[in-house]
Amino acid sequence: MAAVCTSRAASRSAYSALVRTASAAASSSSRPAANAGSSWGFATRSFATQAPPSASLRGVVAGAYGKGGLTGLSGGRWGVRWQTDGAKPAAEEKKEAEGGEAAGVSEADKLKDEQIAKLTAECKDMKHKMLTAYADVENMRVRMANKAEEDRKFAVRSFAKNMLEVADVLDKALESCPEDKRKTNADLQLFYEGVQMTNKMFLKGLEEQKVRRFDPVGEKFNPEMHDAKFEMPVPEGGEAGMVAACIKVGYTIHDRCLRPAEVGVTK
């Protein structure tokens, strides 16, 4: 019990010495006005020139009060707080901390907005490119489908055009057998009927491939369907620019002209 009392007395003596040293340093400072009005003003003064407690003093206090014996030197048991020249009040420190947090949040929001704007622009650009590519592919598909349909429809165009000369020869053969001669000549009549039958079968085969003949006599002249070979005077009561005669009939395949008709036009 005596040893404990002795230890506590020693620690109190050490603390008193520490307080006296701090008071002397505060009184010798160049800013005495800070201590006015309180005998304990040194507790909030800046002791940048005051050396920290020695190791022996720390040992004495620690021996008396255990691990928490030195807390008084930092605002604990004895209410004494050491500060540096750069120390700031708690309210100011809290305000600066809040300001720093707000600045950090603002900077984060700004960075987030920039990233959102960048990603939105990239999304719009990619969408535009995707739609453009899709439109190109769709247009190409339509063109290829139309070309395939035309190839299918007009696959026999070249062959049919070559066969038109055969149809012309058959027509000439029928024209060379007038009716008055066929009445007096049975063999000529039989020949005419055979050629006529052949011509009908030939034209039927062409029509199955959508190749049809047309005779434009009496129609208005159309440069896309008619080939004018000569001009004729306008007959009485007639109209200029009309097809008055046909030398060779024309043919169409589907909705296109395969061969224009050779005609004479009134003028």
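Me: What makes Glu150 and Arg256 a salt bridge?

Reply: In this predicted model, their closest N and O atoms are 3.3 Å apart. The cut-off is 4 Å between a side-chain nitrogen of Lys or Arg and a carboxyl oxygen of Asp or Glu, so the pair counts. Glu150 belongs to helix H3 and Arg256 to strand S5 (residues 256–259), so the contact ties together parts that are 106 residues apart in sequence.

Me: Are those two buried or partly exposed, and how do you know?

Reply: Glu150 has 37% relative accessibility and Arg256 has 34%. Partly exposed runs between the 20% and 50% limits, so that's the label for both.

Me: Why is the contact of Arg152 with Glu149 called a salt bridge?

Reply: Same kind of check: N to O is 2.5 Å, and the limit is 4 Å, so it passes. Both residues sit in helix H3, three residues apart, which is about one turn of the helix.

Me: Why do Arg152 and Glu149 get separate exposure labels?

Reply: Arg152 comes in at 57%, and exposed means over 50%, so Arg152 is exposed. Glu149 comes in at 35%, which falls between 20% and 50%, so Glu149 is called partly exposed.

Me: What about Lys229 and Asp227: what makes them a salt bridge?

Reply: Their side chains meet at 3.1 Å, N to O, and that is within 4 Å, so they qualify. Lys229, at 46%, is partly exposed, and so is Asp227, at 27%. A search of the whole structure finds ten salt bridges.

Me: How do you know that Glu107 can be part of a surface patch?

Reply: Glu107, in helix H3 (residues 90–153), has a relative accessible area of 52%. A patch residue needs over 30%, so Glu107 clears that bar. The patch is one of negative charge, and Asp109, Asp113 and Glu114 gather there too.

Me: And what makes Val137 eligible for the nonpolar patch?

Reply: Val137 is also in helix H3, and its 49% is over the 30% needed, so it's eligible, though only partly exposed. With Met140 and Met144, the patch has about 300 Å² of accessible area together.

Me: How do you know that S6 pairs with S2 and S3?

Reply: Pairing takes at least two bridges. Six join S2 (residues 226–232) to S6, running parallel, and four join S3 (residues 243–248) to S6, running antiparallel, so both pairs count. Met232 stands opposite Thr266 in S6, and Val243 stands opposite Val265.

Me: Why is S6 called mostly covered?

Reply: Five of its six residues are buried, and buried means under 20% relative accessible area.

Technical notes. Residues are numbered from 1 along each chain as its sequence is written. This is a predicted model: local features need pLDDT of at least 70, side-chain atom pairs count only at pLDDT 80 or more; totals for chains, interfaces and linings use all residues. Side-chain values use heavy atoms; hydrogens and water are left out. Buried means under 20% relative accessible area, exposed over 50%, partly exposed in between (1.4 Å probe, protein chains only). Helices (H or I, at least four residues) and strands (E, at least two) are DSSP runs, numbered from the N terminus. Patches are made of residues with over 30% relative accessible area and no salt bridge: like charges are joined within 9 Å, nonpolar side chains (Val, Leu, Ile, Met, Phe, Trp, Tyr) within 5 Å. Accessible areas come from the Shrake-Rupley method with a 1.4 Å probe; for residues, only the protein chains shown count as cover. Lys and Arg count as positive and Asp and Glu as negative; His and the chain ends are not counted. The place of a charge is taken as NZ of Lys, CZ of Arg, CG of Asp or CD of Glu.
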